[in-house]
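Thanks, everyone; I would like to use my few minutes to walk through one model, beginning with its pocket and then turning to the helices around it. Please have the sequence and the structure open as I go.

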Amino acid sequence: MPITLRQHLLNGRIDRIAIALSGMCVAHCFATAVLLGVLASAGGIFESPIFHEVGLVLAILLGAVALGHGAVAHGYMMPAAIGSLGLGIMAGALTMDHGWQESAYTLLGVAILALGHDLNHWAGR
């Protein structure tokens, strides 16, 4: 029998997936800022705003589902509030010009969002 979305939410799988995606975002931002800064000829391809926009949409969707479900299931709003703060910082970073400031705000937002998912995961245990 296939596992339902509710079962994934109850066993914390969505939070773990969201944390993994946050880690991939950190790796992407680091690679873009450092590695592609050195390899400037390839930087234009991978520094495209579409990567950041798609990543933010995925973060918002996963955050809304996992953190919202957690708030309803275990009754703690703090993980959702912390995760939402991270999403807000990430969204704000999208309005900035590409550069180290945008990367710093994005990484800060991702770290706060990952903390929210981690708190949500532990609150559900």
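The largest pocket is lined by 25 residues, and those lying nearest its centre are Leu21, Cys25, Phe51, Gly55 and Leu56. The elements that each give two or more residues to this lining are helix H2, spanning 13-38, helix H4, spanning 49-74, helix H5, spanning 78-94, and helix H6, spanning 100-123. I should say at once that this is a predicted model, and that the volume of the largest pocket, about 440 Å³, is a value computed from it.

Which helix gives the largest share of that lining? It is H4, with 10 residues. As for the chemical character of the lining of the largest pocket, sorting it by class gives 17 nonpolar residues, seven polar ones and one charged one.

Let me stay with H4, which covers residues 49-74, and bring in the record: the unreviewed UniProt entry carries the annotation "transmembrane region" for residues 17-38 and also for residues 50-70. Over residues 50-70 the model is 100% helix and 0% strand, and the C-alpha atoms at the two ends of that stretch are 29 Å apart.

Finally, how do H4 and H6 pack against each other? Their axes are 10 Å apart and meet at an angle of about 25 degrees; because angles under 35 degrees count as roughly parallel, H4 and H6 are described as roughly parallel to each other. As for handedness, the crossing in which H4 passes H6 is left-handed.

Technical notes: Residues are numbered from 1 along each chain as its sequence is written. This is a predicted model: local features need pLDDT of at least 70, side-chain atom pairs count only at pLDDT 80 or more; totals for chains, interfaces and linings use all residues. Side-chain values use heavy atoms; hydrogens and water are left out. On a 1 Å grid over the protein atoms alone, a cavity is a set of points where a 1.4 Å probe fits but cannot get out, and a pocket is an open set with protein on both sides within 12 Å along at least five of seven lines; lining residues have an atom within 4 Å of a point. Grid points are joined across faces, edges and corners, and a volume is the space filled by probe spheres set on the points. Helices (H or I, at least four residues) and strands (E, at least two) are DSSP runs, numbered from the N terminus. Ala, Val, Leu, Ile, Met, Phe, Trp, Tyr, Cys and Pro count as nonpolar, Asp, Glu, Lys and Arg as charged, and the others, Gly among them, as polar. UniProt positions are given in the numbering used here, feature names are shortened, and annotations may be inferred rather than shown by experiment. Axes are lines fitted to C-alpha atoms, for helices over the stretch in contact, and angles run from 0 to 180 degrees between N-to-C directions. Angles under 35 degrees count as roughly parallel, over 145 as roughly antiparallel, 65 to 115 as roughly perpendicular and the rest as oblique. A crossing is left-handed if the near helix is turned anticlockwise from the far one by less than a right angle, and right-handed if clockwise.
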